[in-house]
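Trainee: I keep meeting words like "buried" and "tilted" in descriptions of proteins. Could you show me how such words are earned?

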Amino acid sequence: MDMNTIEAVVPTTDPAQWRDGDAWLAGGTVLFSYGSTVLKRLLDLGQAEWPAVTVTDEGIELAATCTVAELYAFPVSSVAAAREWPGLGLIRPCCDSFVASFKIWNMSTVGGNICTGLPAGPMTSLCAGLDGVAAILSPDGGSRTVPVADVVIGDMQTILAPGELLRSVRLPATALSARVAFRRLSLSNLGRSGVLLIGRLDADNTLVITVTASTKRPVQLRFPAGQVPDAGTLADAVGESIPWPLYHDDIHGLPAWRRDMTFKLAEEIRAELLGESMTVSGDFWPPHATSPQPSTQPQASGTQKEAHHGN
């Protein structure tokens, strides 16, 4: 960490205090690891005391300061147990996708992960996949709401203007009530996500597939009831929705591999949600004995298995 230009750390949650040379500080795991030679002040959200997770009949509100550890604990809480929301099953696989130590889990925040704009940010994947809506506060006292799928617009690029603060993310009950599917692939056993897809089959039989990690920004494909695709139609839709330049290119995966795996995992998700015979690829869904992640439980050996999901 190289942050020797910092002159003050200001505890505040008020965007009106923003000025040039400031940065919002939540968990700081990315800010401190990248460092800075231009920042003058850190606006510290550490004392915000916003409730990490708030549950109502309309859905869930995640505070931007909710840590990965707090979110990971939520699905086994008594509050979660009282809700019939299959979408809660996505929380732990997405937290596992950090493949980080407990130290990171207890500092990294939902909001910080989204605002960093990394293509592989698993909180972006989770919240976009569940049609999350971000509440954003502005320095002029105004506010706006934006779908999380539209917040990240490129590699480490977001729509946030200088001084704007992500306050919370609302996950609607309609999305949480849907049947869900999850796929993630990495080039190494404990590597950054190279491809991460989330699928939903909503109560009205709308099929939603959200592509992240393989692309520079989230891409959502929606198929209304009566237009749910077969394998060929889905492949055509993926190809049309994700042009070649949109695939991410870094040490964690070449664009060609990311593209091929996006097609593969999208079809696996389609088959799973429609109750067709399919293959499970990757870690965390369903749990595999070979995965080291905390949410997994031992079962039949092998990283792939044939399955038929008819429920």
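Mentor: Gladly; we will take some terms one by one and test each against this model, which is a predicted one.

Trainee: Let's start with Glu49: why is Glu49 called exposed?

Mentor: The cut-off for exposed is over 50% relative accessible area. Glu49 has 72% relative accessibility, so it counts as exposed. You will find Glu49 in the loop between β3 and β4. Its phi is near 60°, a positive value in a residue other than glycine.

Trainee: What makes a positive phi worth pointing out?

Mentor: Most residues other than glycine have a negative phi. Another case is Ala213, with a phi near 75°. Ala213 lies in the loop between β13 and β14.

Trainee: Is Ala213 buried or exposed, and how do you know?

Mentor: Buried means under 20% relative accessible area. Ala213 has 1% relative accessibility, so it counts as buried.

Trainee: Then what makes strand β13 "largely enclosed"?

Mentor: Six of the six residues of β13 (residues 207-212) are buried, so the strand is largely enclosed by the rest of the structure. Look at the two directions: Leu207, Ile209 and Val211 point one way, while Val208, Thr210 and Thr212 point the other way, and all are buried. That fits a general pattern: in a regular strand the side chains alternate between the two faces of the sheet.

Trainee: How do you know that β13 pairs with strand β12?

Mentor: Pairing takes at least two bridges. Six bridges join β12 (residues 195-201) to β13, so the two strands pair, and they run antiparallel. Arg200 stands opposite Val208 in β13. The two strands form a hairpin with five residues between them, and Asn205 in the turn has a positive phi of about 70°.

Trainee: Which strand does β13 pair with over five bridges?

Mentor: That is β14 (residues 219-223), again in the antiparallel sense. Here the bridge partner of Leu207 is Phe223 in β14. This hairpin has six residues between the strands.

Trainee: In the sheet with the order β1-β3-β2, why are β1 and β2 called edge strands?

Mentor: Each of them, β1 (8-11) and β2 (22-25), pairs on one side only. The sheet is an open one of three strands with parallel pairing, and its twist averages 25° from one strand to the next. Four bridges join β1 to β3 (residues 41-44), and the bridge partner of Val9 is Leu42 in β3.

Trainee: Now a helix. What makes α7 largely enclosed?

Mentor: Eight of the eight residues of α7 (residues 122-129) are buried, so the helix is largely enclosed by the rest of the structure. Among them are Met123, Leu126 and Cys127. Just after α7, Asp131 takes a positive phi of about 55°.

Trainee: Why is the pair of Trp244 and Tyr247 called tilted?

Mentor: Centres must lie within 6.5 Å for rings to pair, and planes under 30 degrees apart count as stacked, over 60 as edge-to-face and the rest as tilted. Trp244 and Tyr247 are 6.4 Å apart, centre to centre, with 55° between the planes, so they form a pair and the pair is tilted. By this rule the count comes to three aromatic pairs.

Trainee: And why is Trp244 called partly exposed?

Mentor: Partly exposed lies between the 20% and 50% cut-offs. Trp244 has a relative accessible area of 48%, so it is partly exposed. Tyr247, at 2% relative accessibility, counts as buried.

Trainee: What makes a space a cavity rather than a pocket?

Mentor: In a cavity a 1.4 Å probe fits but cannot get out, while a pocket is open. The largest cavity has a volume of about 40 Å³, and its lining includes Leu118, Thr124 and Arg217. The largest pocket has a volume of about 1,200 Å³. Of the 45 residues that line this pocket, Val30, Leu31, Gly112, Cys115 and Thr116 lie nearest its centre.

Trainee: How many residues of each class line the largest pocket?

Mentor: The lining of the largest pocket has 25 nonpolar, 18 polar and two charged residues.

Note on methods: Residues are numbered from 1 along each chain as its sequence is written. This is a predicted model: local features need pLDDT of at least 70, side-chain atom pairs count only at pLDDT 80 or more; totals for chains, interfaces and linings use all residues. Side-chain values use heavy atoms; hydrogens and water are left out. Buried means under 20% relative accessible area, exposed over 50%, partly exposed in between (1.4 Å probe, protein chains only). Axes are lines fitted to C-alpha atoms, for helices over the stretch in contact, and angles run from 0 to 180 degrees between N-to-C directions. On a 1 Å grid over the protein atoms alone, a cavity is a set of points where a 1.4 Å probe fits but cannot get out, and a pocket is an open set with protein on both sides within 12 Å along at least five of seven lines; lining residues have an atom within 4 Å of a point. Grid points are joined across faces, edges and corners, and a volume is the space filled by probe spheres set on the points. Rings of Phe, Tyr and Trp (its six-membered ring) pair if their centres lie within 6.5 Å; planes under 30 degrees apart count as stacked, over 60 as edge-to-face and the rest as tilted. Ala, Val, Leu, Ile, Met, Phe, Trp, Tyr, Cys and Pro count as nonpolar, Asp, Glu, Lys and Arg as charged, and the others, Gly among them, as polar.
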